[in-house]
Amino acid sequence: MKSQYQPFENAKAVIRKAADALHLPEETYRFLFCPERELTVSLPVKMDDGRTEIFSGYRVQHSSVLGPCKGGIRFHPDTNMEEVKALSCWMTLKCSVAGLPFGGGKGGITVDPSGLSEAEKERLTRAYARAIAPIVGETRDVPAPDVNTNGQIMTWFYEEYSQTVGKDCPAVVTGKPIEKGGSLGRSEATGRGVWLICAELMKSLGKELRGARVAIQGNGNVGGMTAKFLSEAGSKIVALSDVSGALFCPDGLDIAKIHECSLSHRLLSTLDLPGATFVPGDEGNRMLLEADADLLIPAAMENQITAENAARIRAPYIVEAANGPTTVEADAILDAAGKIVVPDILANSGGVTVSYFEWKQNMEQERWTLEEVNDRLYTMITGAFATVWQTAKEYRCSLRTAAYMAAIQRIINAE
Ligand code: NAD
């Protein structure tokens, strides 16, 4: 299986546009792609059968201009230095547009974690933490979970790093379980952020979110939470999908019931919802993307809106909750058709924003209530949206170009 995220080709094309609009000199444009530091490590790990296997690990610090580098650690068989470099650049832009005091970083290990026992995974994580300890740290570079990594892996990393440097350092990673110093509100933060972005978008357009018809691709952490918050805000979720297919209901799906079932990891294909129609597999997902809705929210995976289907998208507003759901070619088609697209680096930045809150709480030895977390998320994400909206108006460009311009401008101002 190919690695899930491939946002760099898309990002590169937009960075070019944004750099041109900002009249950046060519060397500044090229500089945006040059990481500050790249580290490759070899990780000998004792396997359960007594063999020692050697894995390759990477950590790239793309930019610390705005603050400590921030970005996930992925475990994937396709992970390599080029991919990690590209994703670290993308994190720099994402943290910048979100208004966070963080630069961008990324890390990974070339491994198929499904072939490892829990004990092997723990030894691998601890070996990686020891190997990259000299360059990470709460004021230098703060990893987080990414593809195939989770709160348990972050806990092992935090413990091993703390042992290596000889002091307790919970702020060295985010995405920890609550009892290990994680933040309240993190698990729903990305979906909450997507909902807030939808609300700001509709307000800026002079439209109502209440009653808006919404199609959401993906019913996982991001899509499921987005559906929940939007439905509680009075929007009608007319279509919702997962890997099994898509559910449709022109009057709005019963999201509370779907959410309840999703907690036990049930696929949409197994639900019996009166008034809803289920279309299985890829056909359901194709129909969802082309549904008659006001808002389309791709919240599943990359490269879903392509040159092949972009012209058939009917929703006038698209909010990219997934990373890289729209290809460069599709973006041009949507733009020419007058669609308004809120780009991923802004739309799904609620997650990294609450990761920043986790780091801040750890650094200051504080514990924020859920209300405090949510209030601060509201302030940050609505502020980021306002900056991008204003930039798009001023430069008469798409929200995507504007988001990249705002991100790049902030980095340049800080240098
Ligand atoms: P998840 O694994 O919890 O959920 C993914 C959902 O997509 C599931 O409902 C799955 O069934 C569905 N799906 C998978 N393949 C599909 C297919 N071929 N067609 C239709 N649906 C399919 O993942 P998530 O955490 O919700 O992440 C979704 C996207 O959001 C990813 O692009 C991720 O990078 C991005 N993202 C996540 C976070 C976060 O905090 N979780 C933050 C920023 C961005």
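This tour moves through a predicted model, one selection at a time.

**Stop 1: the two domains**

Begin by selecting residues 35-169, which make up domain 1, and then residues 189-300, which make up domain 2. The centres of domain 1 and domain 2, taken over C-alpha atoms, are separated by 33 Å.

**Stop 2: the five-stranded sheet**

Next, display the open sheet whose five strands are ordered β1-β2-β4-β3-β5, with mixed pairing. Which strands stand at the edges? They are β1 (37-46) and β5 (141-145); each has a single partner strand, so one side of each is left without a neighbour in the sheet. On average, and ignoring direction, neighbouring strands of this sheet are turned by 25 degrees against each other.

Within this sheet, select strand β2 (residues 52-63) together with strand β4 (residues 103-110). Six bridges pair β2 with β4 in the antiparallel sense. To see one position of this pairing, select G57, which stands opposite I109 in β4.

Now add helix α3 (residues 81-97) to the view. Helix α3 lies across β1, β2, β3 (69-76) and β4, and runs at about 150 degrees to β4.

**Stop 3: the seven-stranded sheet**

Move on to the open sheet in which seven strands follow the order β9-β8-β7-β6-β10-β11-β12, again with mixed pairing. Its edge strands, β9 and β12 (340-342), each pair on one side only. The average turn between neighbouring strands of this sheet is 15 degrees, direction ignored.

Select strand β7 (residues 236-242) and strand β8 (residues 245-248), which run antiparallel and are joined by four bridges. How many residues lie between β7 and β8 in their hairpin? There are two residues between them. Highlight D242 here: G245 in β8 stands opposite this residue.

Continue from β8 to strand β9 (residues 277-280); these two strands pair in the antiparallel sense over four bridges. In this pairing, L247 stands opposite F278 in β9.

For a pairing in the parallel sense, select strand β10 (residues 295-298) and strand β11 (residues 317-319), which are linked over two bridges. Residue L295 stands opposite Y317 in β11.

**Stop 4: helix α6 and helix α13**

Select helix α6 (residues 186-204) and helix α13 (residues 370-395). The axes of α6 and α13 are 10 Å apart, and the helices pack at an angle of about 45 degrees. The two helices are therefore oblique to each other. The crossing of α6 past α13 is right-handed.

To display the contact, show the residues on both sides. Helix α6 contributes E188, A189, R192, G193, L196, I197, E200, L201 and S204, while α13 contributes L370, N374, L377, Y378, I381, T382, F385 and W389. Sorted by class, the contact of α6 with α13 has ten nonpolar, four polar and three charged residues.

**Stop 5: helix α6 and helix α12**

Keep α6 selected and add helix α12 (residues 350-363), whose axis is 7 Å from that of α6. What is the angle at which α6 and α12 pack? The angle is about 140 degrees, which makes α6 oblique to α12. As α6 passes α12, the crossing is right-handed.

Finally, show R186, A189, T190 and G193 in α6, which meet G350, G351, V354 and S355 in α12. The contact of α6 with α12 has two nonpolar, five polar and one charged residues.

Definitions and conventions. Residues are numbered from 1 along each chain as its sequence is written. This is a predicted model: local features need pLDDT of at least 70, side-chain atom pairs count only at pLDDT 80 or more; totals for chains, interfaces and linings use all residues. Side-chain values use heavy atoms; hydrogens and water are left out. Two strands pair if DSSP finds at least two bridges between them. Axes are lines fitted to C-alpha atoms, for helices over the stretch in contact, and angles run from 0 to 180 degrees between N-to-C directions. Contact means heavy atoms within 4.5 Å. Angles under 35 degrees count as roughly parallel, over 145 as roughly antiparallel, 65 to 115 as roughly perpendicular and the rest as oblique. A crossing is left-handed if the near helix is turned anticlockwise from the far one by less than a right angle, and right-handed if clockwise. Ala, Val, Leu, Ile, Met, Phe, Trp, Tyr, Cys and Pro count as nonpolar, Asp, Glu, Lys and Arg as charged, and the others, Gly among them, as polar. Domain bounds come from an automatic or database domain assignment.
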